[in-house]
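Subject: Structure handover

Hello,

Here is the structure I promised to pass on. My notes follow below it.

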Amino acid sequence: MKTVKLKPSAKDKEKKKSAMKKSRTICQSGAVPYLMEKGEIRVMLVTSTAGDAWIFPKGNIAKGMDTLKSAAKEAYEEAGVLGECRNDILGVIQIEKSPSELAEVNIYPLKIETVLPEWQESAVRSRRLFRIEEAIGVIRGERSRKVLETLRERLLDRSERSGNGN
């Protein structure tokens with residue numbers, strides 16, 4: 001029996017090349033700004049720049065900042081809220097930035113200390129405080145919904161343990 005070595009076709013080479021192009025992943029960080037209001041969890045979501053979806057404030061990790069400070073910076077710029085991100089990752093969401101680039105976004109909780117009347121990206125984004133159940137219903141993506149569910153579970157668990165709702 002004769003062994004024949006097959007060479008990949010031009011089409012196979014192009015598929016492999018295309019798959020390699022999509023493998024570029026950038027790391028980003030984001031926040032779920034939240035507050036407790038009368039024992040109820042509320043989260044601040046922002047619209048995408050296209051205005052067609054409710055999303056978390058997120059973006060590239062700023063030079064010289066760690067992921068937590070960068071996530072808080074994004075919440076400040078995109079949602080006009082001040083607070084500190086807790087080092088308690090809620091989940092990782094993936095966003096296709098382009099056909100060749102994928103972003104993996106670590107999402108952290110940010111307890112809102114101040115809501116600013118004006119903010120940097122108010123001309124390109126809207127913001128809204130949602131009851132957490134409503135936010136789970138409007139946010140884009142299954143992983144984003146899971147992030148909100150995780151936040152709800154952790155806050156309720158902490159509230160039950162402390163007995164004070166915070």
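One cut-off first: a residue counts as buried under 20% relative accessible area, as exposed over 50%, and as partly exposed in between. Arg145 has a relative accessible area of 24%, so Arg145 is partly exposed. Ser144 comes to 7%, so Ser144 is buried. Please keep in mind that this is a predicted model.

**Overall layout**

The protein chain holds four helices and eight strands. Read from the N terminus, the order is α-β-β-β-β-α-β-β-β-β-α-α. Of the 166 residues, 39% are buried. Take the contacts between residues at least 6 apart in sequence: 67% of them join residues at least 24 apart.

**Helix H2**

H2 covers residues 67-79, which is 13 residues. From first C-alpha to last, H2 reaches 17 Å, close to the 18 Å expected at 1.5 Å a residue. Asp66 caps the N-terminal end. One of the side-chain oxygens of Asp66 sits 3.1 Å from the backbone nitrogen of Leu68. Just after the helix comes Gly80, with a positive phi of about 70 degrees.

Which residues of H2 are buried? They are Leu68, Ser70, Ala71, Ala72, Glu74, Ala75, Glu77, Glu78 and Ala79. Their cover includes several strands: S1 (24-37), S2 (40-47), S4 (58-60), S5 (81-85), S7 (101-115) and S8 (127-131).

**Arg42 on strand S2**

S2, one of the strands covering H2, also carries Arg42. The side chain of Arg42 makes a polar contact of 2.7 Å with the side chain of Glu37. A polar contact of 3.1 Å links the side chains of Arg42 and Glu40. Setting aside residues up to four places away in sequence, Arg42 touches Pro33, Tyr34, Leu35 and Glu37. Arg42 also touches Leu129, Phe130 and Arg131.

**The largest pocket**

The largest pocket has a volume of about 330 Å³. Its lining has 19 residues. Nearest the centre are Ile55, Lys58, Ile93, Ile95 and Arg140. Elements giving two or more residues to the lining are S4, strand S6 (91-98) and helix H4 (142-162). S6 gives the most, with four residues. What is the lining made of, by class? There are five nonpolar, seven polar and seven charged residues.

**Ser144 and Arg145 on helix H4**

Both residues cited at the top belong to H4: Ser144 and Arg145.

Start with Ser144. A polar atom of the Ser144 side chain lies 3.2 Å from the backbone oxygen of Arg140. Leaving out neighbours within four places in sequence, Ser144 is in contact with Phe56, Ile93 and Ile139.

Now Arg145. With neighbours within four places again left out, Arg145 is in contact with Ile136, Ile139 and Arg140. Ile139 is thus on the contact lists of Ser144 and Arg145. Ile93 is 52 residues away from Arg145 along the chain, and their C-alpha atoms are 10.0 Å apart. Ile93 is also among the residues nearest the centre of the largest pocket, as is Arg140.

Best wishes

How values were computed:
Residues numbered from 1 in each chain as written. Predicted model: local features only at pLDDT ≥ 70, side-chain atom pairs only at ≥ 80, totals over all residues. Heavy atoms only, no water. Expected span 1.5 Å × (residues − 1). Buried < 20%, exposed > 50% of the residue type's maximum accessible area, 1.4 Å probe, protein only. Contact = heavy atoms within 4.5 Å. Polar contact = N/O pair within 3.5 Å; in protein donor to acceptor, adjacent residues only side chain to side chain. 1 Å grid on protein atoms, 1.4 Å probe; cavity = no way out; pocket = protein on both sides within 12 Å on 5 of 7 lines; lining within 4 Å. Points joined across faces, edges and corners; volume = space filled by probe spheres on them. Nonpolar A, V, L, I, M, F, W, Y, C, P; charged D, E, K, R; others polar.
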